[in-house]
There are 2 protein chains.
Amino acid sequence: MLGSVLPGAPDLDPIDAAILRELGRDARASFARIGAVVNLSAPAVKRRVDRLKRRGVVDGFTVRLDPGATGWGTEAHVEVYAAGSTRPAVMKEAFEQYPEIVAASTVTGDADAVVHVRARDMTHLEEIVERLNAEPFVVRTRSSVVLTPLVRRPDVPVQP
Amino acid sequence: MLGSVLPGAPDLDPIDAAILRELGRDARASFARIGAVVNLSAPAVKRRVDRLKRRGVVDGFTVRLDPGATGWGTEAHVEVYAAGSTRPAVMKEAFEQYPEIVAASTVTGDADAVVHVRARDMTHLEEIVERLNAEPFVVRTRSSVVLTPLVRRPDVPVQP
DNA sequence: TATGAAAACATGCCGGG
DNA sequence: CCCGGCATGTTTTCATA
């Protein structure tokens, strides 16, 4: 099997997967409640979660916010076309300066990077795009503004 | 002010913002620890969190997983070009069938929707794209495969 | 797995702005 | 009246064995 060659992808135990699914649904659930679902005692669940954290499978726990309710309802995907062979590290450093950038990655295809931007409104979004265009390594950008969010899930699937 | 017209965006109290920032950092932190940061007692923090949940600002709590460590290291943005005037609801229903789709939205620009796909490997990704192309309403797709993730943040910013 | 001490949580009541 | 602090009974966590 290919998967087990990778040092960090040890075919996830089905019980671990169940625990991760529960944590995905409610990361503040008590170990006892999770244990009730997966048929394990609370300490057993805690040990598994600790192990998953140690292995780096679990990176942490966060709150899921409603973007609209917090006043960050405007969203866009911005394709960035970079100069010559701009190093990814350069782009990373630049993008990290923007609190409005919630995700960014280099990609294959016409553009060099795709940036996911959240803003308070269109004016704010426009300002961000302008600032991006003013970055020294940016040649041009191409934006797609989100009209209707259709699907939004915990961003790593856990096999059932 | 424009913001206060929206029923769900009541200029977030600075203490609430601080609490949300802490929860974003570690959603399993005890109310007492959060209270120590924001200078409030544990019950006071709990009441505020409950209120934020009631208002819909807080949607829940989830676990943050390392995609690589779980064997879902391949990622792509797929632009979907849909037939005629396909209703968003139709796309939504279709996309929801795919566990590999972690986000999707209709957008402005050339394409009609952008779909964020996570897969185990390239073969898996290819299969998903083929299945998408086979959807009745899909005219064509255009994929950007992620090379290097640069930024990944809790997907709603909280103003400091 | 089980157990017991320590910590965290939920709730009711009261005071101050 | 809203909001925060305190006190208490209950549950959960966590380190033993």
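User: What makes you split chain A into domains, and where are the bounds?

Analyst: The domain assignment puts domain 1 of chain A at 1-64 and domain 2 at 74-145. Those bounds come from an automatic or database assignment, and keep in mind that the whole thing is a predicted model. Taken over C-alpha atoms, the centres of domain 1 and domain 2 of chain A are 34 Å apart.

User: How do you know how chain A and chain B are related?

Analyst: Try laying chain A on chain B: a rotation of 180° with 0.0 Å of shift along the axis does it, with an RMSD of 0.1 Å. The two copies are therefore related as by a two-fold rotation axis. The same surface serves both copies, too, as 99% of the contact residues of chain A recur in chain B.

User: What makes a residue count as part of the surroundings of DNA strand D, and which ones from chain A do?

Analyst: A heavy atom of the residue has to lie within 4 Å of the strand. From chain A, that brings in Ser30(A), Phe31(A), Ala32(A) and Lys46(A). Chain B joins in with residues including Arg28(B), Ser41(B), Arg47(B) and Arg48(B). Sorted by class, the surface near DNA strand D has 5 nonpolar, 2 polar and 4 charged residues.

User: Which helices supply that surface near DNA strand D, and which gives the most?

Analyst: Helix H2 (31-38) of chain A and helix H3 (42-55) of chain B each supply at least two residues. H3(B) gives the most, with 4 residues.

User: Why would you call the pairing between DNA strand D and Arg47(B) a polar contact?

Analyst: The cut-off for a pair of N or O atoms is 3.5 Å. A base nitrogen of DNA strand D is 2.5 Å from an N or O atom in the side chain of Arg47(B), so the pair qualifies. The backbone of the DNA gets its share as well: a phosphate oxygen of strand D is 2.9 Å from a polar backbone atom of Phe31(A), and a phosphate oxygen is 2.9 Å from a polar backbone atom of Ser41(B). Of the strand D atoms within 4 Å of the protein, 59% belong to sugar or phosphate and the rest to bases.

User: And DNA strand C: what surrounds it?

Analyst: Among its surroundings are Arg28(A), Ser41(A) and Arg47(A), plus Ser30(B), Phe31(B) and Lys46(B). Sugar and phosphate make up 69% of the strand C atoms that come within 4 Å of the protein. One phosphate contact has a backbone N or O atom of Phe31(B) lying 3.0 Å from a phosphate oxygen of strand C. In another, a phosphate oxygen is 3.3 Å from an N or O atom in the side chain of Arg28(A).

User: Why does His124(A) get its label, buried or exposed?

Analyst: Buried means under 20% relative accessible area. His124(A) has 10%, so it is buried. His124(A) sits in helix H6 (residues 122-134) of chain A, and, not counting residues up to four places away in sequence, touches Trp72(A), Glu100(A) and Ala119(A).

User: How do you know which side of the line His116(B) falls on, buried or exposed?

Analyst: The relative accessible area of His116(B) is 19%. That is under the 20% limit, so His116(B) counts as buried. You'll find His116(B) in strand E4 (residues 113-119) of chain B. Leaving aside neighbours within four places in sequence, the contacts of His116(B) include Glu75(B), His77(B), Glu100(B) and Val102(B).

How values were computed: Residues are numbered from 1 along each chain as its sequence is written. Chains are lettered from A and ligands numbered from 1 in the order in which they are written. This is a predicted model: local features need pLDDT of at least 70, side-chain atom pairs count only at pLDDT 80 or more; totals for chains, interfaces and linings use all residues. Side-chain values use heavy atoms; hydrogens and water are left out. A polar contact is a pair of N or O atoms within 3.5 Å; within protein, one must be able to donate a hydrogen and the other to accept it, and residues adjacent in sequence count only if both atoms are side-chain atoms. Ala, Val, Leu, Ile, Met, Phe, Trp, Tyr, Cys and Pro count as nonpolar, Asp, Glu, Lys and Arg as charged, and the others, Gly among them, as polar. Buried means under 20% relative accessible area, exposed over 50%, partly exposed in between (1.4 Å probe, protein chains only). Contact means heavy atoms within 4.5 Å. Copies are superposed by least squares on the C-alpha atoms of residues with pLDDT of at least 70 in both.
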